[in-house]
Amino acid sequence: MSPAYALDGAVCEGVATATYDPFFPETPGSEAEADALAMCGICPARETCLAYAVETGQMFGIWGGKTQAEIRQLITRARAGRLPARRVQPGHFNADKTHCKHGHPFDAANTYYAANGERRCRACRRARLARARGLARRRSGGEQ
């Protein structure tokens, strides 16, 4: 962890062992998860821990008193409309494009990122889904 995220006095320090790690529970809602959330509830470094998790994209585990699902939502909101710097190099040939190949703008409302970091256009996705649904209706209508 970088010095910008000093977690001095963190309650969780030294809690995890090879056989017990409440911060990475096997099932959501388990007793281990409840233990981790209780520790986070009294931790003086909770805000710093949560900021670290969101800014570095920690998709797994409990951080700053938030569950894995909550962390993922916060990461998604934090990255909305911007290209993840760790996935696409600044010199990538598509990094400077402002519009998709069909002319739709890459802005916060019209952009999402695939799991591989590729920037995608929401308007084009909606059009693809509408075409696929229309094709499915025509196929099912012809079989009756």
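Trainee: Which pattern does the protein follow when it is read along the sequence?
Mentor: Since this is a predicted model, the elements named here are those of the prediction. The protein has four helices and two strands, and the question is in what order they come. Read along the sequence, these elements follow the pattern α-α-α-β-β-α.

Trainee: Is Thr 67 buried or exposed?
Mentor: Thr 67 has its place in the loop between helix H2, residues 46-56, and helix H3, residues 68-79. Leaving aside neighbours within four places in sequence, Thr 67 is in contact with Glu 33, Leu 37, Gly 61 and Ile 62. Buried means under 20% relative accessible area, and because Thr 67 has a relative accessibility of 18%, this residue counts as buried.

Trainee: What share of the 144 residues in the protein is made up of buried residues?
Mentor: Thr 67, at 18% relative accessibility, is one residue that counts as buried. Taken over the 144 residues of the protein, the share made up of buried residues is 28%.

Trainee: Which residues does Asp 35 touch, not counting those up to four places away in sequence?
Mentor: Asp 35 sits in helix H1, which covers residues 31-41, and with 29% relative accessibility Asp 35 counts as partly exposed. From C-alpha to C-alpha, Asp 35 and Asp 21 are 9.9 Å apart in space, although 14 residues separate them in sequence. When residues up to four places away in sequence are not counted, Asp 35 touches Tyr 20 and Pro 22.

Trainee: How far apart in space are Asp 107 and Cys 121, C-alpha to C-alpha?
Mentor: Asp 107 lies in the loop between H3 and strand E1, the strand of residues 111-113, and with a relative accessible area of 35% Asp 107 is partly exposed. In sequence, Asp 107 and Cys 121 are 14 residues apart, while in space their C-alpha to C-alpha distance is 9.0 Å.

Trainee: How many residues in the lining of the second largest pocket are nonpolar?
Mentor: The second largest pocket holds about 340 Å³ of space. Of the 20 residues that line this pocket, the closest to its centre are Cys 12, Glu 13, Phe 23, Cys 49 and Trp 63. The lining also includes two polar and two charged residues, and the number of nonpolar residues is 16.

Trainee: What percentage of the area that the protein exposes is supplied by carbon and sulfur atoms?
Mentor: The protein as a whole exposes about 9900 Å². Of this area, the part supplied by carbon and sulfur atoms is 54%.

Terms used
Residues numbered from 1 in each chain as written. Predicted model: local features only at pLDDT ≥ 70, side-chain atom pairs only at ≥ 80, totals over all residues. Heavy atoms only, no water. Buried < 20%, exposed > 50% of the residue type's maximum accessible area, 1.4 Å probe, protein only. Areas by Shrake-Rupley, 256 points an atom, 1.4 Å probe, with all protein chains shown as cover. Contact = heavy atoms within 4.5 Å. 1 Å grid on protein atoms, 1.4 Å probe; cavity = no way out; pocket = protein on both sides within 12 Å on 5 of 7 lines; lining within 4 Å. Points joined across faces, edges and corners; volume = space filled by probe spheres on them. Nonpolar A, V, L, I, M, F, W, Y, C, P; charged D, E, K, R; others polar.
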